[in-house]
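Me: I have this model open and I'd like a close look at one part of it. Please explain the terms as they come up, since I'm new to this.

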Amino acid sequence: MQWLKSLFGKKKNESVVEVESEEEGGVRLPSAWALPVSGEVASLKGLPDPVFAKGMMGAGFVIHTDAPTLCSPINGAVSAVFPGGHAIGLTTDEGVEVLIHIGLDSVNLKGEGFHPHVREGDQVKIGDPLVDIDFALLKQRLSNSEVIVLFPNVEGGEITVSDQELVWQPEVQ
């Protein structure tokens, strides 16, 4: 997730679902994964932030939740923990990147409301706790407190969740 570090200026559970890794059109999704928190899954398109809504940081989805702990959706490594703990980058054992961002403008909280359990370089398994979240505080201080799950290397199209399975749908031209 080197590109995320440079972009943001970083200085130095649900049940597990086995899915086939997709390679169609260059799209790779994790071979095993779980939702990082329980809640209602929705499209990125409904977010008021165009960077996320238009998929500029990759395809993904939103989870409407108030679950207090964000857990690893994959088996792999922690590739980035953003200052303040509002976002975490992960890389699966197969090399698929996942970015989980909690709330919009949550960087402005400067860590308030977030308690990370992991550091960059840590190995994680599906269901391992990543960060505790004070959603009551987030709902007071932010306009949007949803959990945003992105796949930075998947450009175009949309990723949805159907019966706990990741589904990539190409853009209709």
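Reply: What follows starts with one strand, β9, and then moves out to its surroundings.

Before we zoom in, keep in mind that this is a predicted model: local features need pLDDT of at least 70, side-chain atom pairs count only at pLDDT 80 or more, while totals for chains, interfaces and linings use all residues. Residues are numbered from 1 along each chain as its sequence is written, and side-chain values use heavy atoms, with hydrogens and water left out.

Now find strand β9, which covers residues 114-116. It belongs to a protein with three helices and 14 strands (both are DSSP runs numbered from the N terminus: H or I over at least four residues for a helix, E over at least two for a strand). Phenylalanine 114 is part of β9. Its relative accessibility is 8%, so it counts as buried (buried is under 20% relative accessible area, exposed is over 50%, and partly exposed is in between, using a 1.4 Å probe and protein chains only). Across the 173 residues of the protein, 49% count as buried.

What surrounds phenylalanine 114? Leaving out residues up to four places away in sequence, it touches Gly84, Gly85, His86, Ile102, Ser106, Leu109, Val131, Asp132, Ile133 and Leu138 (a contact means heavy atoms within 4.5 Å). Take aspartate 132 from that list: it is 18 residues away from phenylalanine 114 along the chain, yet their C-alpha atoms are separated by 5.8 Å.

The pairing of strands adds to that picture. β9 and β11 run antiparallel and are joined by three bridges (two strands pair if DSSP finds at least two bridges between them). Histidine 115 stands opposite aspartate 132 in β11. Strand β11 spans residues 129-133 and also pairs with β5 (residues 69-71), again antiparallel and over three bridges. There, threonine 69 stands opposite aspartate 132. In general, strands of a sheet pair through backbone hydrogen bonds, either parallel or antiparallel.

Next, step back along the chain to the loop between β8 (97-102) and β9, where you'll find aspartate 105. Aspartate 105 has a positive phi of about 60° although it is not a glycine. At 48% relative accessibility, it counts as partly exposed. Lysine 110 lies in that loop between β8 and β9 too. Its phi is near 50°, a positive value in a residue other than glycine. Lysine 110 is exposed, with a relative accessible area of 74%, whereas phenylalanine 114 in β9 is buried.

The other end of that loop, β8, leads us to a sheet. This is an open sheet of seven strands, in the order β3-β4-β12-β8-β7-β6-β10 with antiparallel pairing. β3 (40-43) and β10 (123-124) stand at the edges with a single partner strand each, so one side of each is left without a neighbour in the sheet. Within the sheet, β4 (residues 59-64) and β12 (residues 147-151) pair over five bridges, and glycine 60 has leucine 150 of β12 as its bridge partner.

Beside β8 in that order is β7, which covers residues 87-92 and holds threonine 92. Threonine 92 is buried at 5% relative accessibility. Apart from neighbours within four places in sequence, it is in contact with Pro30, Ile74, Asn75 and Gly76.

Two of those names, Pro30 and Ile74, turn up again in the lining of the largest cavity, along with Trp33, Phe61, Pro73, Val98, Val149 and Phe151 (on a 1 Å grid over the protein atoms alone, a cavity is a set of points where a 1.4 Å probe fits but cannot get out, and lining residues have an atom within 4 Å of a point). That cavity has a volume of about 40 Å³ (the space filled by probe spheres set on grid points, which are joined across faces, edges and corners). What kind of residues form its lining? Eight are nonpolar, with no polar and no charged ones (Ala, Val, Leu, Ile, Met, Phe, Trp, Tyr, Cys and Pro count as nonpolar, Asp, Glu, Lys and Arg as charged, and the others, Gly among them, as polar).

Methods:
On a 1 Å grid over the protein atoms alone, a cavity is a set of points where a 1.4 Å probe fits but cannot get out, and a pocket is an open set with protein on both sides within 12 Å along at least five of seven lines; lining residues have an atom within 4 Å of a point.
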